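Visitor: Hi, I'm new to this one. Could you show it to me and walk me through it?

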Amino acid sequence: MKRIEAIIRKTRFEEVKDALLHSDIDWFEYHDVHGIGQARQERIYRGVQYSTDVIERVAITIVCRDQFVTPTVKVLLKVAHTGEVGDGRIFVSEMIDVWSIRTGENGDTVLRDKK
């Protein structure tokens, strides 16, 4: 099992959400985040100057079986991409175990298969 964590632009969240749901990702969590990176550029959008280090972002967390990691990462790379500085990052890490609180079951059988 793997945990995929993606930090993306808030402006791309709806497209990413729809793409994940259409690619049969059953569940993910998300929340608004703030962070400071090393890539800082001044941009002008509709006459307002802003810095790329203050773009609002969303963190998405997905836990899935190993065989679903590559397709999920491909969806994130394709849909979250704008080509601009500050598009975000994707992190993939190993999950040791997972437990269902309701049933007490553990292991990757707790995760649903894709339809």
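Guide: Sure, let's start with a charged pair: the side chains of E14 and K17 form a salt bridge, with N to O at 2.9 Å. A salt bridge here means a side-chain nitrogen of Lys or Arg within 4 Å of a carboxyl oxygen of Asp or Glu. Keep in mind that this is a predicted model, where local features need pLDDT of at least 70 and side-chain atom pairs count only at pLDDT 80 or more, while totals for chains, interfaces and linings use all residues. Residues are numbered from 1 along each chain as its sequence is written, and side-chain values use heavy atoms, with hydrogens and water left out.

Visitor: Where do E14 and K17 lie?

Guide: Both E14 and K17 sit in helix α1, residues 13-22, and they are 3 residues apart, about one turn of the helix. Helices (H or I, at least four residues) and strands (E, at least two) are DSSP runs, numbered from the N terminus.

Visitor: And how much of E14 and K17 is accessible?

Guide: E14 is partly exposed at 44% relative accessibility, and K17 is partly exposed too, at 24%. Buried means under 20% relative accessible area, exposed over 50%, and partly exposed in between (1.4 Å probe, protein chains only).

Visitor: Why would side chains pair like that?

Guide: Side chains of opposite charge can pair when their charged atoms come close.

Visitor: How many salt bridges does the structure hold?

Guide: It holds 5. One of them joins the side chains of K2 and E94, at 2.8 Å from N to O. K2 is in strand β1 (residues 2-9) and E94 is in strand β6 (residues 88-94), so this pair ties together parts that are 92 residues apart in sequence.

Visitor: Are K2 and E94 buried or exposed?

Guide: K2 counts as buried, at 19% relative accessibility, whereas E94 is exposed, at 54%.

Visitor: Which residues are linked in a network with K2?

Guide: D66 and E94: together with K2 they are linked in a network of salt bridges.

Visitor: Okay, what about D87? Where is its place?

Guide: D87 is in the loop between α2 and β6. Its side chain meets that of R9 in a salt bridge, at 3.0 Å from N to O. R9 belongs to strand β1 and α2 covers 69-80, so the pair ties together parts that are 78 residues apart in sequence.

Visitor: Are D87 and R9 buried or exposed?

Guide: Both are buried: D87 has 14% relative accessibility and R9 has 9%.

Visitor: Which other side chain makes a polar contact with D87?

Guide: That would be T82, whose side chain makes a polar contact with the side chain of D87 at 2.3 Å. A polar contact is a pair of N or O atoms within 3.5 Å; within protein, one must be able to donate a hydrogen and the other to accept it, and residues adjacent in sequence count only if both atoms are side-chain atoms. Leaving out residues up to four places away in sequence, D87 touches I7, I8, R9, A80, H81 and T82. Contact means heavy atoms within 4.5 Å.

Visitor: I8 is on that list. What does I8 touch?

Guide: With the same neighbors in sequence left out, I8 touches F13, V16, E56, R57, V58, I60, A80 and D87. I8 is also among the residues with the most contacts inside the largest nonpolar core, which has 20 residues. Such a core is a set of buried Ala, Val, Leu, Ile, Met, Phe, Trp, Tyr and Cys residues joined through side-chain atoms within 4.5 Å.

Visitor: Which elements supply that core?

Guide: β1, α1, β5 (57-64) and α2 each supply at least two of its residues. The most come from α2, with 6 residues.

Visitor: How enclosed is β5?

Guide: In β5, 7 of the 8 residues are buried, so the strand is largely enclosed by the rest of the structure.

Visitor: And which strands pair with β5?

Guide: β1 pairs with β5 in the antiparallel sense over 8 bridges, and strand β2 (residues 29-33) also runs antiparallel to β5, joined by 5 bridges. Pairing means that DSSP finds at least two bridges between two strands. T61 in β5 is the bridge partner of E5 and of E29.

Visitor: Zooming out, how do the elements run from the N terminus?

Guide: They run β-α-β-β-β-β-α-β, which comes to 2 helices and 6 strands. The chain has 115 residues, and 36% of them count as buried.
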